[in-house]
Amino acid sequence: MALAEFLAELERFQAAAAEAFGAAADALALEAARIEFLGAKSGRLRAVQKQLGSVPGSDKPAAGKRFNDAKTVVESAFAAAGQRVAAGAAQGALATTFDPTLPGVRPRLGHLHPLTQTIEELKDIMGRLGFTVAAGPEIEDERHNFEALNIPPSHPARDPLENFYLAAAGVAAGAPLLLRSQTSTVQIRVMEKTPPPVRIISLGRVYRPDTADATHYPMFHQIEGLLVDRHVTMADLKSVLRLFASSFLGSDVHIRFRPSFFPFTEPSVEVDMSWHDTKQSGTTRWIEMGGAGMVDPRVLEAVGYDPEEVTGFAFGLGVERVCARRHGVTDIREFYRNDVRFLHQF
Ligand code: PHE
């Protein structure tokens with residue numbers, strides 16, 4: 001066989017093999033193509049190799065070199081096709097292990113923080129009694145936190161060590177600002193803007209430099225209530241707080257007033273709620289929830305109300321305390337630890 005003829009034959013073989021390997025769709029088809037072209041006994045490579053024997057002697061080295069080149073090209077085309085087919089098979093396997101009929105993995109849903117839940121529920125309860133929600137700033141001036149509430153400069157509650165004063169802001173200008181230490185500030189802010197009657201609650205954060213323990217934290221929440229109208233008496237205060245307690249904590253909860261003193265109420269009381277302690281052989285304990293009283297006439301005067309015309313009551317309770325009481329939480333620091341094992345229980 002002449003050299004030219006052999007090379008043409010080699011060319012045809014190489015092209016056909018490359019096409020067959022490239023077209024093989026799966027392992028089975030590729031194996032069939034392998035046997036056809038590279039099969040050891042009767043493959044077409046083998047046939048071409050035999051023809052190499054009939055090329056004239058002087059052309060043999062050139063023909064042999066071209067034969068080896070073609071063989072390398074065809075073998076690497078086979079290897080590439082093998083990789084392609086294997087990758088396709090792996091993907092196919094994945095497709096068959098994904099079962100779209102299996103139930104999915106549900107992401108765990110979060111929920112409101114227990115204190116937020118409490119705040120929302122208290123708004124709801126008080127809303128049914130006709131109290132609307134008012135808000136005030138957490139950074140306050142001394143008029144709203146103290147003066148208009150009849151707390152004189154000499155009062156211990158105004159001690160800088162009992163409050164978070166914002167040092168740089170205002171002091172130089174003679175108008176010190178502080179983080180409010182009580183939501184009673186909102187009483188003043190509302191009455192300054194609205195003529196009587198008023199019937200509001202306000203819920204929010206207050207700040208005091210207390211050392212954190214099971215019942216104290218430097219930041220906590222209060223719910224403030226204020227009702228000013230004609231003929232408001234202490235009996236109204238008591239019935240509202242009793243409804244508040246039984247709606248939020250249960251109808252078996254009692255409230256108790258203890259005489260106390262606040263500069264902005266007269267008379268003033270501490271408000272306790274009963275705690276039927278099943279762990280301690282069913283004894284009843286009293287837990288202090290906050291303070292209350294009849295709005296002091298001087299406060300009404302400070303906002304331009306006529307104390308001969310209207311009277312009012314006010315109360316301020318700790319949201320953490322009522323929430324803890326409701327859920328049997330014994331350490332209010334738990335509310336701020338952000339430990340989901342605690343928070344998921346509510
Ligand atoms: N502001 C008082 C406190 O934080 C509570 C209070 C509010 C007392 C309203 C009487 C009336 O301790």
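A polar contact here is a pair of N or O atoms within 3.5 Å; inside the protein, one must be able to donate a hydrogen and the other to accept it, and residues adjacent in sequence count only if both atoms are side-chain atoms. With that in hand, start at R208, where a polar side-chain atom sits 2.8 Å from an oxygen atom of the ligand. Keep in mind that this is a predicted model, where local features need pLDDT of at least 70, side-chain atom pairs count only at pLDDT 80 or more, and totals for chains, interfaces and linings use all residues. Residues are numbered from 1 along each chain as its sequence is written, and side-chain values use heavy atoms, with hydrogens and water left out.

Two more side chains reach the ligand in this way. Q222 has a side-chain N or O atom 2.9 Å from a ligand oxygen, and S184 has one 2.9 Å from a ligand nitrogen. Taken alone, the ligand exposes 330 Å², and the protein buries 91% of that (Shrake-Rupley areas with a 1.4 Å probe).

Now widen the view to the shell, meaning residues with a heavy atom within 4 Å of the ligand. There are 14 of them, and the closest are Q182, S184, R208, Q222 and G316. Sorted by class, the shell holds seven polar, five nonpolar and two charged residues; Ala, Val, Leu, Ile, Met, Phe, Trp, Tyr, Cys and Pro count as nonpolar, Asp, Glu, Lys and Arg as charged, and the others, Gly among them, as polar.

Which elements give two or more residues to that shell? They are β6 (219-229), β9 (283-295) and β10 (311-318), and β10 gives the most, with three residues. Helices (H or I, at least four residues) and strands (E, at least two) are DSSP runs, numbered from the N terminus.

Zooming out, the domain assignment, which is automatic or from a database, gives domain 1 (3-97) and domain 2 (114-343). Their centres, taken over C-alpha atoms, are 89 Å apart.

Finally, a few backbone oddities. Most residues other than glycine have a negative phi, and most peptide bonds are trans. H231 is not a glycine, yet its phi is positive, about 60 degrees; look for H231 in the loop between β6 and α9 (234-249). The P196 to P197 peptide bond is cis, with omega near 5 degrees, and P197 lies in the loop between α8 (185-193) and β5 (198-207). E266 and P267 are also joined by a cis peptide bond, with omega about 0 degrees, and P267 is in strand β8 (residues 265-277).
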